[in-house]
Amino acid sequence: ESLFSLSRTANSKNIIQAKHWLSNLEAGGGTNMYPAIAQSLQQSTSENNYRQVIFITDGSVGNEDELFTLIEGNLGNTRLHTIGIGSAPNGYFMSQAAKVGRGTYRYIGSLNEVNEQMTQLLSQISQPLMQNINLIWPAEKVEVFPQSIPDLYSGQPLLISARWPIDDKEQKNPVIKVSGQLAATLWQEQVVVPQIINQKKTKSSANRGIDNGVAQWWARKKISHLTALKRRNQTENKIELTDQIKALALRHHLVSPYTSFIAIEQKVSRKSTMPLKSVGI
């Protein structure tokens, strides 16, 4: 059910009407999310406001691929924030929907936490610290995740993972140019990336230099991106995507939908003279 067909100004009259309408709602029915999300993302042709949509559910969500396509195609100038309550919500869908919607995801395990968690969320998203964030990288071939950069909110870090090949001809310390809308002001900054990796170092010393977790962090983000592509059927070449996920996971020693760890005992605990026996585990 819906009270208004399109967004309304939050004046006293509309707020009173909304509260009265909500107080008369009765819970019931299933979890049919498509029409609810479709209506919440509707905008009139004259509306160009920055919109925040909060999607709350305590039920399991199906038809994930159809919903992702709906959000991507109708997001516009809207930010979609998702909240899962209780034990039933589809955590994968809720987190991915927030990524596609350039918003945030929050899980509330207990009903006793609803008021506190919702207050924190509304406080964060009511005044985004920075919008329309853009990055200019020092190389052309850059892999960036997430590909659609969300806004920056108070008390919540914005993490962007990127990887580009080292070019011997580029400047010694490449620069990343960052810009964004800070209230009514355009904010700009330059981030210098020191090249601490020397290509001419030996293999062992180079490995020691880069073994700081950054490569694994980036690999996890790319695996998440490739897994989402595969599940959302955006490409028919699923075998190639699976191979890419496996290669990344094996190279960086990560668990993925297609890889896992095997523990191998290095020290032999059985004496060679002792007979072997089978034990059920």
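The side chains of serine 161 and tryptophan 217 are joined by a polar contact of 2.7 Å. This pairing, like everything described here, comes from a predicted model. Serine 161 belongs to strand β6, which covers residues 161-163. With a relative accessible area of 4%, serine 161 is buried, since the cut-off for that label is under 20%. Besides Trp217, and leaving out residues up to four places away in sequence, serine 161 touches Glu143, Val144, Phe145, Trp218 and Lys221.

One of those partners leads to a notable peptide bond. Phenylalanine 145 is linked to proline 146 by a cis peptide bond, with omega at about 0°. Proline 146 sits in the loop that runs between β5 (143-145) and β6. Phe145 is thus met twice, as a residue touched by serine 161 and as a partner in the cis bond.

A wider view of the chain helps to place these details. The chain holds eight helices and eight strands. Its length is 281 residues, and 30% of them count as buried. Where contacts link residues at least 6 apart in sequence, 60% of them join residues at least 24 apart. The accessible surface of the chain amounts to about 19,400 Å², with 52% of it belonging to carbon and sulfur atoms.

Helix α4 is a good place to look at packing. The axes of helix α4 (residues 91-100) and helix α7 (residues 214-231) come within 12 Å and cross at roughly 105°. The two helices are therefore roughly perpendicular, as angles from 65 to 115 degrees are classed that way. On the α4 side the contact is made by Tyr92, Gln96 and Lys99, and on the α7 side by Ser224, Ala228 and Arg231. By character, the residues of this contact divide into two nonpolar, two polar and two charged.

The buried residues of α4 are Phe93, Met94, Gln96, Ala97, Ala98 and Val100. Gln96 therefore appears both in this buried set and in the contact with α7, a pairing that rests on the cut-off of under 20% relative accessible area for buried residues. The elements against which the buried residues of α4 pack include three helices, α2 (33-40), α3 (64-74) and α7. Strands β1 (51-57), β2 (78-85) and β3 (105-108) are also among the packing partners of these buried residues.

Both ends of α4 have features of their own. At its start, a side-chain oxygen of asparagine 90 reaches to within 3.1 Å of the backbone nitrogen of tyrosine 92. After the helix comes arginine 102, with a positive phi near 55°.

Asparagine 90 also connects with helix α3, where glutamate 64 has its place. The side chains of glutamate 64 and asparagine 90 form a polar contact of 2.6 Å. Glutamate 64 counts as buried, at 14% relative accessibility. Apart from residues up to four places away in sequence, glutamate 64 touches Asn90, Tyr92, Phe93 and Arg231. Of these, Tyr92 and Arg231 also take part in the contact between α4 and α7, while Phe93 is one of the buried residues of α4.

Strand β2 includes glycine 84, which counts as buried at 0% relative accessibility. The C-alpha atom of glycine 84 is separated by 5.8 Å from that of aspartate 58, although the two residues are 26 apart along the chain. With neighbours within four places in sequence set aside, glycine 84 is in contact with Thr57, Pro89, Met94, Tyr105, Arg106, Tyr107 and Ile108. Met94 in this list is one of the buried residues of α4.

Two further residues draw attention through their backbone. Asparagine 132 is not a glycine, yet its phi is positive, at about 50°. Asparagine 132 is found in strand β4 (residues 131-136) and, at 47% relative accessibility, counts as partly exposed. Histidine 253, likewise not a glycine, has a positive phi of about 55°. Histidine 253 lies in the segment after α8 (238-252), and its relative accessible area of 60% makes histidine 253 exposed.

Conventions. Residues numbered from 1 in each chain as written. Predicted model: local features only at pLDDT ≥ 70, side-chain atom pairs only at ≥ 80, totals over all residues. Heavy atoms only, no water. Helix = DSSP H or I, 4+ residues; strand = E, 2+ residues; numbered from the N terminus. Buried < 20%, exposed > 50% of the residue type's maximum accessible area, 1.4 Å probe, protein only. Polar contact = N/O pair within 3.5 Å; in protein donor to acceptor, adjacent residues only side chain to side chain. Contact = heavy atoms within 4.5 Å. Areas by Shrake-Rupley, 256 points an atom, 1.4 Å probe, with all protein chains shown as cover. Axes fitted to C-alpha atoms, helices over the stretch in contact; angles between N-to-C directions. Parallel < 35°, antiparallel > 145°, perpendicular 65-115°, else oblique. Nonpolar A, V, L, I, M, F, W, Y, C, P; charged D, E, K, R; others polar.
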